[in-house]
Amino acid sequence: MADGGRLHTPQEALDSLSRGLAPLACEWVALEVAGDRVLAQTLHARHDTPPFDNSAMDGYALRAADSGKVLPVSQRIMAGQQALPLEAGTCARIFTGAPLPEGADSVIMQEEVDVRDDGAFIPAGLAAGNSVRLKGREITTGTELIAQGTRLNSAALGFLAGQGFDQVPVYRKPRVGLLFTGDELKLPGESLAPGQIYNGNRFMLMDLLVRFGAELSLVEQVPDTLDAMTQALDRASRQVDVIVTTGGVSVGDADYVRRALESLGELDLWRLSIRPGKPLALGHIDQCRFVGLAGNPVSSFVGAWLFLRPLLGGLQGCKEMHVLPEVTAQADFETETAGRDHYMRVTLQWDGDSYRAYAFEDQDSSILRSCVTANALAVIKAHSKIMPGERVRCLLLVS
Ligand SMILES: Nc1nc2c(c(=O)[nH]1)N[C@H]1C(S)=C(S)[C@@H](COP(=O)(O)OP(=O)(O)OC[C@H]3O[C@@H](n4cnc5c(N)ncnc54)[C@H](O)[C@@H]3O)O[C@H]1N2
Ligand code: MOO
């Protein structure tokens, strides 16, 4: 049973999430769909890249020692063709990426060559190796290509394709079930009766979860009763790796989430000393992890960035997702905090010298508009006062 009396620090929440956290199983997926997936094994080079010496320029290949002469052009080599050995005392017309003929040791770009009836005049003084990309310059057979735990970006996919990989071993995506509480919630497209609102968190959290690498297996609206929430959590815990709820985690009469969780599993931690997102609840039902986000939209948004991202990162074996990258910026605002650390939504702009942090005027946790153009969270410690121009720590919202 979590200690309801004391507010916990974000670090305590991260420690709780890290306990027993290990990457999911390895699976092989097609390279086309491996973007943003995390490598489950270190991969090694299958061959040298480039696989053969080749020209870096459109021009002429020759022996550098022959420069300063008119050389007859004995062959023409395009990219993708095979070259014949270079005849002594000649040069070869060659194009970028084409294999260097055996016997040549350099290339001169065509702009520096005087083409005459009897051949190509190559200015004297050409150095061996000029404009040649040597076999294995990028990587040699057997050396490490990309380390286990690396999240594959677009360049990594191209690099692996260059090594002939059409499948790669990655950690399985965490299966996530997303549950909503709140009988006031309707879906866009439906009409609103008095007192009802649209379920904005559904769309925001689905998108964030996918960005954090989740496979959304379950998205469900749960009626505001203890029974319905208990049944929904029970069902979900048998299907997914992580259950995320939003709303119903505070102290209101219809806030059943914690009670339902405790009847099935364990509430590990409840309530953080942060604003927004104080009522966050963490726990588990058997092996299934539970994260209960506070229902206010900004509380869910901030909670997802601070806690779902590292949790999903850990399940995918991705260390870089454990903490958000950070910068310092000059506050363009004035603020004063009370007893909780404030994660203010700010837009960072480079002013030529440093980053300036612009805060949306209304920082209430119900104002999702404050997040729409935000690209960072400025962390303002409890019981502090910030004046314009002061430096503040900002966590970058990069998934
Ligand atoms: N007496 C107290 N009341 C509240 C406390 C407290 O400590 N004592 N904490 C406040 C704080 S801080 C927060 S944050 C909220 C969070 O409460 P819940 O997690 O139980 O969230 P709900 O009450 O269900 O909803 C809060 C708010 O957000 C709206 N909401 C809920 N779900 C969605 C959704 N999917 N999409 C859009 N908006 C949603 C809901 O209508 C409410 O307006 O509790 C404070 N109260
Ligand atoms: O902790 Mo709540 O999220 O401030 O409104």
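The overall dimensions of a predicted model, the packing of two of its helices and the surroundings of its ligand are described here.

The protein contains 29 strands and 7 helices. Its radius of gyration is 30 Å, whereas a compact globule of 399 residues would have a value near 21 Å. Along the principal axes, the C-alpha atoms of the protein occupy a box of roughly 95 × 50 × 40 Å.

Helix α4, spanning residues 226-237, packs on helix α5, spanning residues 257-264, with the two axes 9 Å apart and at an angle of about 50 degrees. Helix α4 is therefore oblique to α5. The crossing of α4 past α5 is right-handed. On the α4 side, the contact is formed by Leu226, Met229, Thr230, Leu233, Asp234 and Ser237, which meet Val257, Arg259, Ala260, Leu261, Ser263 and Leu264 of α5. Classified by residue type, this contact between α4 and α5 comprises 7 nonpolar, 3 polar and 2 charged residues. The charged residues of the contact are Asp234 in α4 and Arg259 in α5.

Around ligand 1 there are 27 residues, of which Asn201, Gly247, Ser250, Ala294 and Gly295 come nearest. The shell around ligand 1 is made up of 14 polar, 9 nonpolar and 4 charged residues. At least two residues of this shell are supplied by each of β14 (175-181), α3 (200-211) and α6 (297-315). Helix α3 gives the most to the shell, with 3 residues.

Definitions and conventions: Residues numbered from 1 in each chain as written. Chains lettered and ligands numbered in written order. Predicted model: local features only at pLDDT ≥ 70, side-chain atom pairs only at ≥ 80, totals over all residues. Axes fitted to C-alpha atoms, helices over the stretch in contact; angles between N-to-C directions. Helix = DSSP H or I, 4+ residues; strand = E, 2+ residues; numbered from the N terminus. Parallel < 35°, antiparallel > 145°, perpendicular 65-115°, else oblique. Left-handed = near helix turned anticlockwise from the far one by under 90°. Contact = placed C-beta atoms within 7 Å. Near = placed C-beta within 6 Å. Rg over C-alpha atoms; globule rule 2.2 N^0.38 Å.
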